[in-house]
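Here are a few short exercises to work through with the model open beside you. Try each one before reading its solution.

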Amino acid sequence: MNNSNYFLKPNVMIEPLYNQWYAWPLLIAPHTAAMNIANLHLNIMKSYVAAPQIHANAVKNPALLGGPFIDYNGGRVNEIKALMTKTTKEQAHMLEFADSVKRLDQILKSQAKGHSLEPLYPTIPENLKGYVELVYDLNNNASIRYLEGLLYRSKYYDPSLQSLSLSLIDSDDRAFALSTPRLPDEKKFHWNIPFADERIDSLFSLRDEAQPYSEVIERLGLRAEDEELFKTFLTEQPPPPQTRYDGPGINLRYFGHACVLLETKDVTIMTDPAISYRYENGIDRFTFADVPPRLDYVLITHSHQDHVMFESLLQLRHKIGNIVIPRSRGGSMEDPSLKLIFNRIGFNNVIELDEMQQIDIPGGSITGLPFLGEHCDLNIGSKIAHLIKLQDKTFLFAADSNNIEPALYKHIYETLGDIDSLFLGMECDGAPMSWLYGPLLMTTLDRAMDQSRRLSGSNFEKGWAIVNQFNCKEVYVYAMGQEPWLTYSLSIKYTEESNPIVASNKLVEACQAKGITAERLFGKKICLYCN
Ligand SMILES: [Fe+2]
Ligand SMILES: [Fe+2]
């Protein structure tokens, strides 16, 4: 390879991995990672090794989409077995941690009856001592508070388990992220690199800025034996140039799912980044090649894997000014600190936004609004909707907010008044609670309870109530997981009869009948708002 200048090809894909599993927030926080290894990863791998064909059949069955099944068509059993053995051996301390959590929970259930918890400290399993506090709620129900900051400083947080798998992508077809561990193959470059490592920023700045080959290799610190494969990821072909928006008004671009870019000449904002790569495919879309050189604010609505996509965030990190996240309760198993998660993986420019708190930005403001529901009635604080005021317009990005209490929006209306543009997710079926939170539970959930507590967003009636409460002038249904390039993250495939499609069609029609601009977004959309 000569020493001319090279860019990263626009179809280089990364999968951020933790112990070979697709990384998402609950695999970063040490206590939740332990529970996922013990109660999800090992169980899926054991089941696959015992009956690979059952998994192969289940993956093909639309009724079982997104289930705990490994997508290797019944093959690669020895490699899964090897990963299982390695995990059992090398992550023994994580398995013991998860086991001790359940034991301590049992101790609290049987012995914490409202009297002082101090006498119970000697009974705390040895490996949890000093990492937990025992606490009551005001009803004398005892629980464990995890000292997360300390856990990140212990052997339970091991950044050497983090890595990136780099490969070339040319179709939307990818195995479901949460159920299939990523195994190495000759077309994938497996880069053992902690997510906080700045070489990741050097790599992705190559999307826009070419560097001489020798410098690329030196900056990334690649080994000679990795160069042959790595060379296939580089190109001399420059991408279309990206510049900061300097036109009139507000330029809004929909990138897919809950990812929307808002630009004025003063500020650039992106919500819930989830971005496609550029390759030949039937559906037109914006890709990484369309992201402007700087994102002044990236807004995160909540910590579900389709809204905190490390895959996109790590590639954008070098462009992000501030990342605005909801404030977690922290210290609990169900709601670990999102701030610590982001800090530990190399995002140091984090702003925690509280409900009804406003931050000023050039030419406007961002206000956090309460986000109810869609979290199975768990006490989770790390969710927020964003009200963005820019110039003389207001945009509400409500993501998966489920309008289970219309009085909430009445109160907000009394404070903030009309909202011009509503962006609302309407995945109103939602998965049962165990789908995402099962590995964290202390006891198996009764099936009827599991089915009743869902990760579901607003249906027609709930969405319509929001539209009317705020006298919205335009309504966009988004965050539906409908773009095929995101199927690997959510495993949703709709038909025309699916409830979320029926409900969102109904909302769009009701809006249009009332003279409100409305559409369910899919793929790509541009709106220009000029005064
Ligand atoms: Fe969600
Ligand atoms: Fe979502």
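**Exercise 1. Which spacing do the donors of the iron ion (ligand 1) follow along the chain?**

Solution. Keep in mind that this is a predicted model.
- Step 1: list the protein donors, which are His302 (NE2), His304 (ND1), Glu374 (OE), Glu374 (OE) and Asp400 (OD). They lie 2.2 to 2.5 Å from the iron ion (ligand 1).
- Step 2: read these donors along the chain, and the spacing comes out as H-x1-H-x69-E-x25-D.

**Exercise 2. Find the residue that coordinates both the iron ion (ligand 1) and the iron ion (ligand 2), then work out which parts of the chain the His302 and Asp400 pair ties together.**

Solution.
- Step 1: the two iron ions, ligand 1 and ligand 2, are 3.4 Å apart, and Asp400 coordinates both.
- Step 2: place the pair in the fold. His302 sits in the loop between S13 and helix H9 (310-316), and Asp400 in the loop between strand S19 (393-397) and helix H11 (406-416), so the pair ties together parts that are 98 residues apart in sequence.
- Step 3: check accessibility, where buried means under 20% relative accessible area. His302 and Asp400 are both buried.

**Exercise 3. Describe the surroundings of strand S20 (residues 421-425).**

Solution.
- Step 1: start with burial. Five of the five residues of S20 are buried, so this strand is largely enclosed by the rest of the structure.
- Step 2: take the faces in turn. Ser421, Phe423 and Gly425 are buried on one side, and Leu422 and Leu424 are buried on the other.
- Step 3: look at the S19 partner. S19 and S20 run parallel and are joined by three bridges, with Phe397 paired to Phe423 of S20.
- Step 4: turn to strand S21 (residues 474-478), which runs parallel to S20 and is joined to it by five bridges. Here Phe423 stands opposite Tyr476.
- Step 5: add the helix. S19, H11 and S20 together make a right-handed β-α-β unit.

**Exercise 4. In what order do the seven strands of the open sheet lie, and which are its edge strands?**

Solution.
- Step 1: the order is S15-S14-S13-S12-S11-S10-S23, with mixed pairing.
- Step 2: the edges are strand S15 (350-353) and strand S23 (525-529), each of which pairs on one side only.
- Step 3: neighbouring strands of this sheet are turned by 20° against each other on average, direction ignored.
- Step 4: zoom in on one pair. Strand S12 (residues 268-271) and strand S13 (residues 295-299) run parallel through three bridges, and Met270 has Val298 in S13 as its bridge partner.

Notes: Residues numbered from 1 in each chain as written. Chains lettered and ligands numbered in written order. Predicted model: local features only at pLDDT ≥ 70, side-chain atom pairs only at ≥ 80, totals over all residues. Heavy atoms only, no water. Pairing = 2+ DSSP bridges. Helix = DSSP H or I, 4+ residues; strand = E, 2+ residues; numbered from the N terminus. Axes fitted to C-alpha atoms, helices over the stretch in contact; angles between N-to-C directions. Donors = N, O, S within 2.8 Å, 3.2 Å for Na, K, Ca; no water. Buried < 20%, exposed > 50% of the residue type's maximum accessible area, 1.4 Å probe, protein only. Right-handed = clockwise from strand over helix to strand, strands pointing away.
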